[in-house]
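Okay, thanks for coming, everyone. Let me put the structure up on the screen, and then we'll walk through it piece by piece.

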Amino acid sequence: MVKIRSLSKLTGCEIYAKLELSNPGGSAKDRTALAIIRKFEKEGKLVPGRGDVVFEGTSGSTGISFAMLCNALGYTAHICVQSDTSAEKIALLESYGADVEKVKPASIVDPEQYVNAARAGAEQLASDKTTEANGVFADQFENDVNWRIHYETTGPEIWEQMNHDLDYFISGSGTGGTIAGIARYLKDQDPNVTIVLADPQGSGMFNRVKHGVMYDSVEKEGTRRRHQVDTIVEGIGLNRVTHNFLEGEECIDDSERVTDEQAIKMARFLSSNEGLFVGASSSINAVAATRTALKAKKGSKIVIIGCDSGARHLSKFWKEAVKVDRRVTLEEVLGTSVLQRKPVN
Ligand SMILES: Cc1ncc(COP(=O)(O)O)c(C=O)c1O
C-alpha cells in the first residue's frame, strides 16, 4: 500500500494505492489463478505431471498468472486471447510457456468467442479417451472462487494496511472478482466505507450502478463499433453481468466514468509526479479517486487498486500516454480549468 502524495496534496484527501502489480505475475490475477488451481486440485481434477491443461479465455493478466503458476506447479496453460490483444502480452504468455490460441473478436454468444473457445478446448481434452490428461476450464468470469479469494486475502490486507480506517474503496470491474470480494469484506468490517466502481468509456457498468440498466450510448443502433467495449483500456469494462460482479453488486454505492483521454493523461501524471508507472485500469482508478476526493470530506482516506504495470501496455495505452507533456497538470488530466473541492457533505 503506498500513498499517492501528489494526488493527496492536490485534493486535500489521502489517496492510497494497493499495488497488486507487485505480485509475482504482475497483477491481482495471481490470487485468482492460484485459488482456481488449488480448488481443482482438491477436487482431483488437476494432478501435477499428468499432462493436465488449464484452459482460460482472457485479455491478458489472468492468462499470464496461469502461465506462471502452471509452469511452477506441473501443468500446461492453454490461453485463448482475442487476436487484437497487445503484442507484448502475447509475447509474455508465450515466454512463460503457455500455449496461446488467438481468436477473432466476437460476441459472447458466438461459439468462437475467446471464452467459449477455452471452454470447448477443456471439454474436448476432458472427454478424450486416448489420454489420461485432463482439461479444466478456469472460467474466471463465472467461477465463484474468484471473488472469494479477494474476500479472503485482498480485502483483509487492505483493511489491515489502512489500520481499519478508510472511507472509500475504488476499483474497476472486469470479471468483477476484485471489486466484489473486497467490497463485501470492507462492508462487513465497516458499512460506512463507500465503494465506487471506476468504469471506462463504452462500458455499460456505469449505468448499471447509477440507474440499474446495463447500457452505453455506443450500443445505439448504427453507432455500435466492432469491439464490445469501445476503449483503449484492457481488462475492465463490460456490457454483460457476470456471476462475480453480481456477488458484490449490492455493495457498490456509486460509479465514476472515465474517458480514455483522462486515463492516458493520468498515467503520464503519475509517472512524472510519483514514479508510479501503471497500466490503463490503474489509471482509470486514479482519475475516479481524484474526482471522488474533490467531492469528499477533507482528509477522507481513499484506496484504489494498482492493477498492473505500464510495461504491460507499451504498444497500445502507453504509446498514447508517452505523447502527453510530462508536465501535464491535474486540471488538464480532468479537463477542468480549476481544481475545485465541492464536498457533498
Ligand atoms: C489489468 C487489469 N485490471 C483490472 C482487471 C479487473 O479485475 P477483475 O477481473 O477482478 O474485475 C483486470 C481483469 O482482467 C485486468 O486485467
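So, let's start in the middle of things, with helix 7. What covers its buried residues? The list includes helix 2 (29-42), helix 6 (144-161), strand 7 (168-171), strand 8 (194-200), helix 9 (243-248) and strand 10 (301-306). Before I go on, keep in mind that this is a predicted model.

Helix 7 runs over residues 177-189, and 10 of its 13 residues are buried, so it's largely enclosed by the rest of the structure. If you want to find the buried ones on your screen, they are G177, T178, I179, A180, G181, I182, A183, Y185, L186 and K187. There's a nice little check we can do here, too. At 1.5 Å a residue, the 13 residues of helix 7 should span 18 Å, and its end C-alpha atoms are 19 Å apart, which agrees.

Helix 7 also matters for our next stop, the ligand. How many residues surround the ligand? There are 18, and the closest are G174, T175, T178, G235 and C307. You've met T178 already: it's one of the buried residues of helix 7. Which element gives the largest share of the shell around the ligand? That's helix 7, with 3 residues. Helix 3 and helix 7 each supply at least two residues of that shell. As for the kinds of residue in the shell, it's 3 nonpolar, 14 polar and 1 charged.

Now for the strands. A quick reminder from the textbook: strands of a sheet pair through backbone hydrogen bonds, either parallel or antiparallel. Here, 4 strands form an open sheet in the order 5-4-3-6, and the pairing is parallel. Which are the edge strands? They're strand 5 (99-103) and strand 6 (135-137), and each of them pairs on one side only. From one strand to the next, the twist averages 20°.

Look at one pair in that sheet. Strand 3, residues 53-57, pairs with strand 6 in the parallel sense over 3 bridges. If you click on V53, you can look for its bridge partner in strand 6, which is G135. Then there's helix 3, residues 61-73, which packs on the sheet and touches strand 3 and strand 4 (76-82). The direction of helix 3 makes about 165° with that of strand 4.

While we're on helix 3, let's pick out one residue in it, N71. Buried or exposed? Somewhere in between: N71 is partly exposed, with 14 other C-beta atoms within 10 Å. Not counting residues up to four places away in sequence, N71 touches Y96 and G97. N71 and A98 are 27 residues apart in sequence, but 8.4 Å apart in space, C-alpha to C-alpha.

Compare that with R208, over in helix 8 (residues 205-211). R208 is buried, with 24 other C-beta atoms within 10 Å. Leaving aside its neighbours within four places in sequence, R208 is in contact with V213 and M214.

Back to strands for a moment, outside the sheet I just described. Strand 2 covers residues 14-19, and 5 of its 6 residues are buried, so it's largely enclosed by the rest of the structure. Who does strand 2 pair with? Strand 1 (residues 2-3) pairs with it in the antiparallel sense over 2 bridges, and there K3 stands opposite Y16. Strand 2 and strand 10 pair in the parallel sense over 6 bridges, with E14 opposite K301.

Strand 9, residues 254-258, tells a similar story: 4 of its 5 residues are buried, so it's largely enclosed as well. Strand 8 pairs with strand 9 in the parallel sense over 5 bridges, and L197 stands opposite S255 in strand 9.

Last stop, helix 10, residues 260-274. The length check works here too: at 1.5 Å a residue, its 15 residues should span 21 Å, and the end C-alpha atoms are 21 Å apart, which agrees. The buried residues of helix 10 pack against strand 9, helix 11 (280-295), helix 12 (317-321) and helix 13 (330-334). Among those buried residues are Q262, A263 and I264. And just after helix 10, G275 takes a positive phi of about 70°.

Okay, that's my tour. Who wants to rotate it next?

Definitions and conventions. Residues numbered from 1 in each chain as written. Predicted model: local features only at pLDDT ≥ 70, side-chain atom pairs only at ≥ 80, totals over all residues. Expected span 1.5 Å × (residues − 1). Buried ≥ 20, exposed ≤ 12 C-beta atoms within 10 Å, placed from the backbone. Contact = placed C-beta atoms within 7 Å. Pairing = 2+ DSSP bridges. Axes fitted to C-alpha atoms, helices over the stretch in contact; angles between N-to-C directions. Near = placed C-beta within 6 Å. Nonpolar A, V, L, I, M, F, W, Y, C, P; charged D, E, K, R; others polar.
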